[in-house]
Amino acid sequence: MSDEQRTGSLAALLRAYVSPEQRAELEAEEGFEALLDRHVEAARTQWPALSLPAETFVRHLARHLPVGRAAEVMRILQGPDLYLACACTSGDPAALKGFEQHILRHVPARLGKVSPPLVEEVLQMLRERLLVGSSNTPPRIASYGGRGPLRTWVSIIAARIASELMGQDERHQLVAEPPEELARMLAPSDPEYALLREDARQLLVESLRKAVAVLSEQERTLLRLHHFHGFTMDRLTLMYGGSRSGVARKVADAREQLLERVRMELAPRMKQDQLALESLLGLVSSRLDISLLGLLD
Amino acid sequence: MQSCPQETTLTDLIAGLLSEAHRAQVLAHVETCADCRWTLAAGVGTQAPSSAPTAPGEANSQPLLLGARLSRYVVRECLGAGAMGIVYAADDLELGRRVALKMLRPKGSQREELQQRLLREAQALARLSHPNVVTLYDVGAYGDGVFLTMELVEGTTLAEWMKEPRPWKEVLRVFLEAGKGLAAAHAAGLVHRDFKPANALIGKDGRVFVTDFGIARLLHQEEGASHQEPMEAPVTPTGRLTRTGQVLGTPAYIAPELVRGQRADARSDEFSFCVALHEALFGARPFQGETMQELVLAAQQGRMSPPKREVKVPARVRRAIFRGLSPKPEDRFPTMQSLLAALAPPPHRRLVPLLVTTTVAGAMGILAAYGMTAQRRDDGCAREAEKLAVAWSPARRERVRTAFLATGMTYAPQAWKQFSTVMDAHTAQWQALRTEACLAATGDTADQARQTAACLDARLWQIAAVTEVLEKADAQTVQNARQLAASLEGLVGCRDTPGLTSRPQPPDNLRSRVHAARNKLAQVRAHLVSHRFTDGLAVTSALLEEQKGLGYKPLEAEVFLAHGTVLGGLNKPKEAEAFFYQALWAAEAARDDETVARAWLELIWAVGEEQSRPDEAEKLIRHARAAVERLGRERFPDITTELHTRLSSLREAYGQLAEAEQEAHQGLEFSRRRNPPDSLRTPNLIHQLGRIRFGQGRHEDALKLHREALALRERILGADNPALVTSYNRVATASLEVGRYAEAVSAWRKALALQEASSDPETTPMGTVLLNLAVVSRVAGRLEEARSMAERARAIFERARGPHHVTVIFALSALADISSDAGQGDEALGLATEALERVQRSLGPDTPRAALPLTIRGQVYLKAGRHAEARRDLLDALQRLEKEHGPEGGKTVTVLLPLAELALATRASKEALAYCERARKVTEKAGGAESPDGASALACAGEVHLALGTSAEAVPLLERARRIQTQWGEVKDAQVAGKTAFLLARALMETRASPERARALALAEEARTRLESVGVRGQSELQTVLAWQRREVNR
């Protein structure tokens, strides 16, 4: 089969499987045939051992092109991931092995603090839930649409399963974003922080807690996602829309506000508590600023 | 909150694929949902690997910060760094113990796989328990690394130890111990693979531990050529020796067959062990080589270097070492055991092998049994841990919560939150320790594990008793929830020293009945803590009957003691006394030293303090001291602390303040050292010391101590706990004495608010607070308010303590003061006389406690111009105070000043001056020169000088008095301050210096304002001021 022929046939296959509206959308997209070829090519390069008929994959893809956004999805499609998911749907042992090594192996690290035995359990349930179908329903992995990395999609399911398996308290602890942590994240390796007296630390944490409470939900979430969960500015831009500089400014503003609030909280307390807090306030106003700026890429 | 978005929605959010409207909706949810934020972080893979202080992804490259938290561990101290990683001392928050935490940083491409293997391997190692092996507690992942927590051995490494030449016998002893550790591991199927002097530790007690089984190999293998099994992976020996540490661990100790790629077994450990032993004995390793090749070649050919130092080592030892160093594994001893037997000293030679063999056979038998029944045992242990449900099942937790909230008290939600947090943590710790004890109930620590289990089960009754009481919580119980939670005994003691912690255990046939009774006793304890004495009495009365047929003496003693304690709580010290003696005799018969000591302590209180029988008390004290001595001061910190507390309190009650102080100091030092930081015993002793200081007239010290006690109690009990009333009251009283008037009033108001909000406001601490606030109101001239509060206090005291109690005397005296201020002289006289008669009736005609009503009556007489009667009463009061506190006791000031006033009124100026001077000396000696009393003494002298016409001398005295009185802004007593201002105005005017005239007029004006502010109280003085003003202004 020559390349020329295949190009034509893949696009033809896809056209045959999509609805008339989707077809119109795809036709309007310039170079959609080549795009399709590139996806298939990339998938086959990454998964040479999989024996997935092109027709099966294209039919699978057709199911995941949403009406109205078919062309957009084609552009950002995670071809190799969708290809693997499709092969897993059919129960191909090589695909299952690939899924194990390429996807599942990375899940434990992404679950962070979840205990190793629980992670094992999560992995087991992931396998059951994603890879096993019944006589009339395909395995759930078939519902993966290739719109984001498969690893992301699986990890999110894994996180949900982990939450289900945990007790309420345990889960609460796991997902907690305590201000102590924020305080430490804000000043990661500051020796002065290590030297702070316990009561001063408490005070700092308390002030942070109050300061965080005053921020708007959005500001709070941005700070948490960025500083606590490590989301990059690029990622936040994707999630929140708008320009990168716009999001970066929002985060920076929230941080400024937070610091201002902490300062306001601390200043009167220092008079009252007669604690040796000078260094603490210094820490907040100068060092913390620096470390924050460092984190704001 | 709407339900969480589906995985595809979240994936699309991360990829930026949601429509504008949908995005806004999902983000709005994410903002309110921590679960979703965490899930998103898992999705993008930026999840912080643990609550690390470092940014994600950097966890590996930096050392841990002190205070960093990994799983349930908090890093405290860096102990050292090795080739494999850094070792820290860390606290295990869950089990409350200090552990060594080793952070491993595997390098290489297949980190993740390696990490998994390390985890698996380490989990297997965690099962190995032997006195000569460092116990591995826990393994966890941290970022790309792995951390291990293990037994913290304080001491040094064998490598350090070997740096000095040691006697060969000592070397041999140490190595035989290490060898036993290796042998035990071999018996469990584990091979060390990297035994070397750096991997053995010598504890401070001389015990030897082998550590790091198998782990080094996993790490280094990764850095070598292969991550397959070593069998298939011949390592090409290359590089200089100084650098080869990176290639293959420590090649000097490694058996030649491992270099050839063969699988490690017991005999390769034997080889490493012999290399190290050779080095320790002779000062040099047996094989030498410049490069890896040379070294390996020497070992393979068995070419040994001559010893560096000539040591007289028995031939059998040399022979054994040489055989252990054979190049071929099959030429060495077949097992570590046989090597150790060959090394062991001759007198034991026949004995030791036998011994060793049986131990190992025993261990193997147990290990085999463990292997077979491990699953069953795990299940069984899970069931054991499930017993917790009797104390803190979700259902009971919910019932307790409902009961808390149903009280409707304002602090109930807060109290519930605190209590549930403490209980959740406490019970989780119980489960962890109980499971651990159950799993360890085999092997050579079985006995201890069983004791631990029994001890923990007893603690569980306590927990159950507390929760049972709280299930029926009323307002008062909720109020005491913190104390109840704090009364739960620590669990860690059960593991560390179960033999010392548990009560005598009954024979099997009585077990269930004794357990049932002890369970009820735990309930009594809970009742006692929450002051539900009647409920407690019902339980102990029933128990008295129930245990009769049992004939188990230790229990009998426990029941008598509990019954007596409850009676004591109900204010029946005489009845209680009888039961304490019963408890004592039963405990003596049972040789139960703990209960004996507790009974003596209770008797000190019941006989010495409550029934005031001093002669008997002295004997009881000796018995109690001896009992605690016999028990061991350090063994039961609560008993030892209690001894000091009781004795201090008794001495204080007897007025022996120096002895009381000494006891309090000793107790405090002990309590700080031995009781947990959240123990109420420490603040209680600080409080006690504060009372003593106050009694000594050292008010600044007293204030400091009471503030400290208050802060500690507040931390332990919560800020809104009515139990703080006593502390606030004490802080206020001491504040007042040092002139911090505003602080005093605010502390009392706080105390009043706390008590009013509590379930039963009409308690004796409330009476005290009311009485003190009555004094404040009186001084401020609000006499009706003062009277109503004092009356309420008097009613509380009379109801709680009978009509003759000293607190009632205080209330009557305060009422007399109020009447006197109000100008109701006859009524005041009646009240003071009433107080005097009552106190003499209850405490005898010569009691020093009569000084207060006598002083007040004397002042009333003075005011009425009945100078002879005033003189008689005041001198009587002075005599009593001198007798109790000595002629220079701080309290005498309160009588010396009215005596000076009396002398002045009778124109005996010289005598007046003498009294004033004496008052000044007394206040200075008590450290209160700057106190209100000190100011009054100065004003007193100033007034006399003014009367004598030596106004130049009066001025500096009055200036100083005024400065003290006004130093805190608001004055304590506007009448007194007004009077001083007026005296100063007069003195200044009389010095005739013209610049002082304006100031004198201003001061008089100030005096007028102050005196007007206190209404009827300041009337007579005010009239004098107004008259003076009219005269001077018009001049």
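Start by selecting residues 136-142 of chain B, which make up strand 5. Six of the seven residues in this strand are buried, so the strand is largely enclosed by the rest of the structure. Bear in mind throughout that this is a predicted model.

Keep strand 5 of chain B on screen and add strand 6, residues 145-151 of chain B. The two strands run antiparallel, and six bridges join them. For one such pairing, pick G140(B): its bridge partner in strand 6 of chain B is F147(B). When you show side chains here, remember that in a regular strand they alternate between the two faces of the sheet.

Next, move to the open sheet in chain B. Three strands form this sheet in the order 7-8-9, with antiparallel pairing. Select 155-157 for strand 7 and 208-210 for strand 9 of chain B; these are the edge strands, and each pairs on one side only. From one strand to the next, the twist averages 25°.

Now add residues 200-203 of chain B, which are strand 8. Three bridges connect strand 8 to strand 9 of chain B, and the two run antiparallel. Label I202(B) and look across to strand 9 of chain B: V208(B) stands opposite.

With the sheet still visible, select residues 168-187 of chain B, which form helix 6. Helix 6 lies across strand 8 and strand 9 of chain B. Its direction is at about 40° to strand 9 of chain B.

From helix 6, follow chain B towards strand 8 and stop at R193(B), which sits in the loop between these two elements. What is the phi of R193(B)? It is positive, about 80°, although R193(B) is not a glycine. Most residues other than glycine have a negative phi. Is R193(B) buried or exposed? R193(B) counts as buried because it has 25 C-beta neighbours inside 10 Å, and the cut-off for buried is 20 or more.

The next stop is R591(B), in the loop between helix 26 (573-589) and helix 27 (593-610) of chain B. R591(B) is not a glycine either, yet has a positive phi of about 55°. R591(B) has 10 other C-beta atoms within 10 Å and is exposed, the cut-off for exposed being 12 or fewer.

Finally, show the whole of chain B. The chain has 47 helices and nine strands. Of its 1035 residues, 49% count as buried. Among contacts in chain B between residues at least 6 apart in sequence, 61% join residues at least 24 apart.

Key. Residues numbered from 1 in each chain as written. Chains lettered and ligands numbered in written order. Predicted model: local features only at pLDDT ≥ 70, side-chain atom pairs only at ≥ 80, totals over all residues. Helix = DSSP H or I, 4+ residues; strand = E, 2+ residues; numbered from the N terminus. Pairing = 2+ DSSP bridges. Axes fitted to C-alpha atoms, helices over the stretch in contact; angles between N-to-C directions. Contact = placed C-beta atoms within 7 Å.
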